[in-house]
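The following exercises are to be worked through with the sequence and the model in view. Each task is followed by a solution in steps.

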Amino acid sequence: QPLLSVRDLVVRYGSTTAVDGVSFDIHAGETVGLVGPSGCGKSSTAAAILQLRRPHSGEVRFDDVDLTALSERQLRPIRPRLQPVFQDPYGSLSPRRRIQDQIAEPLRLHGRWSHPAGPRRVAELLDMTGLNPALGSRFPHELSGGQCQRAGIARALANTPQLLILDEPISALDASLRAGILNLLLDLQDSLGLSYLFISHDLTAVRHLSNRTLTMHDGRIGG
Ligand code: ADP
Ligand code: ADP
């Protein structure tokens with residue numbers, strides 16, 4: 001049974017149909033790549049899977065539970081298990097809070113914060129994502145783009161997710177930093193058994209990471 005099963009997904013913005021009947025599965029430990037030109041509906045697919053934007057129709061089965069049928073309250077305990085990582089490393093972190101507090105936030109939110117286990121977990125997450133522990137007390141603008149993206153990944157990992165929805169996670173980074181993030185993702189997958197939906201317009205990166213690649217065009221998957 002797949003970890004994620006997307007069936008006949010439709011996302012609309014007013015009269016625009018951004019996702020037009022998309023279906024695919026992701027199995028445990030698998031990376032599925034999603035490529036396609038700008039505006040073809042990749043981010044809308046990601047947002048609908050995460051239930052950040054409720055789809056017009058279709059099913060998003062995660063561990064055999066249709067997320068589209070759940071209320072926000074019912075989604076709460078499930079959200080930590082599928083986590084997004086977005087393109088803009090600065091934009092996805094709050095500018096006014098220290099890195100260590102942002103990584104701790106999902107732990108607090110889900111009642112998993114205590115002393116000394118909480119701070120120890122934050123230190124572990126910094127280490128897992130290749131960040132020097134001293135960076136924890138800094139603010140996002142005091143980190144490089146690559147370091148910020150690692151912090152975003154650390155935060156996504158805080159509550160031990162099974163699936164990461166990676167929406168252009170390397171696109172905003174300098175070419176020299178991209179391989180580092182890709183290798184980090186590969187290492188984390190090896191050590192944690194994670195599954196990924198890897199959205200990128202960088203076909204080389206997608207082929208490097210993915211077991212299977214889906215190509216999207218005008219809201220549909222084909223080819
Ligand atoms: P991609 O991620 O592949 O670039 P998107 O999912 O962002 O594609 O966009 C798919 C289509 O939906 C595009 O035509 C885009 O203009 C439109 N769209 C995306 N977000 C919105 C929005 N918030 N309001 C209206 N239209 C949107
Ligand atoms: P690196 O290549 O070292 O990962 P970047 O090229 O992304 O870092 O950015 C270089 C420097 O510019 C960083 O140290 C960062 O502080 C700053 N910077 C880049 N983008 C932003 C941004 N959107 N907001 C704030 N600071 C930024």
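**Conventions and backbone**

Pro116 is placed in the loop between helix 3 and helix 4 (117–128); helices (DSSP runs of H or I, at least four residues) and strands (runs of E, at least two) are numbered from the N terminus. The model is predicted, with local features requiring pLDDT of at least 70 and side-chain atom pairs pLDDT 80 or more, while totals for chains, interfaces and linings use all residues. Residues are numbered from 1 along each chain as its sequence is written, chains are lettered from A and ligands numbered from 1 in the order in which they are written, and side-chain values use heavy atoms, without hydrogens and water.

**Exercise 1.** Describe the peptide bond from His115 to Pro116 and the phi of Thr160.

*Solution.* Step 1: the bond that leads from His115 to Pro116 is cis, its omega being near 0 degrees. Step 2: Thr160 is not a glycine, yet its phi is positive, at about 45 degrees. Step 3: the position of Thr160 is in the loop between helix 5 and strand 7 (163–167).

**Exercise 2.** State which residues surround ligand 1 and how the protein contacts this ligand.

*Solution.* Step 1: the residues around ligand 1 (those with a heavy atom within 4 Å) include Pro37, Ser38, Gly39, Lys42, Ser43 and Ser44. Step 2: helix 1 contributes the most to this shell, with 3 residues. Step 3: list the polar contacts, which are pairs of N or O atoms within 3.5 Å.

- A backbone N or O atom of Gly39 is 2.7 Å from an oxygen atom of ligand 1.
- For Ser43, a backbone N or O atom is also 2.7 Å from an oxygen atom of ligand 1.
- Ser44 brings a polar side-chain atom to 2.5 Å from an oxygen atom of ligand 1.

Step 4: on its own, ligand 1 has 560 Å² of accessible area, of which the protein covers 57%; such areas come from the Shrake-Rupley method with a 1.4 Å probe.

**Exercise 3.** Repeat the analysis for ligand 2.

*Solution.* Step 1: the residues surrounding ligand 2 include Tyr90, His141, Ser144 and Asp174. Step 2: an N or O atom in the side chain of Tyr90 is 3.4 Å from a nitrogen atom of ligand 2. Step 3: a polar side-chain atom of Ser144 is 3.1 Å from an oxygen atom of the ligand, and for a polar side-chain atom of Asp174 the distance to an oxygen atom of ligand 2 is 3.1 Å. Step 4: ligand 2 taken alone exposes 540 Å², and 46% of that is buried by the protein.

**Exercise 4.** What volume does the largest pocket have, and which residues are closest to its centre?

*Solution.* Step 1: a pocket is an open set of points on a 1 Å grid over the protein atoms alone, where a 1.4 Å probe fits, with protein on both sides within 12 Å along at least five of seven lines; lining residues have an atom within 4 Å of a point. Step 2: the volume, which is the space filled by probe spheres set on the points, joined across faces, edges and corners, is about 530 Å³ for the largest pocket. Step 3: 21 residues line the largest pocket, and Arg79, Gln83, Pro84, Pro106 and Arg155 are the closest to its centre. Step 4: at least two lining residues each come from strand 6 (82–85), helix 3 (99–109) and helix 5 (145–157).

How values were computed
Polar contact = N/O pair within 3.5 Å; in protein donor to acceptor, adjacent residues only side chain to side chain.
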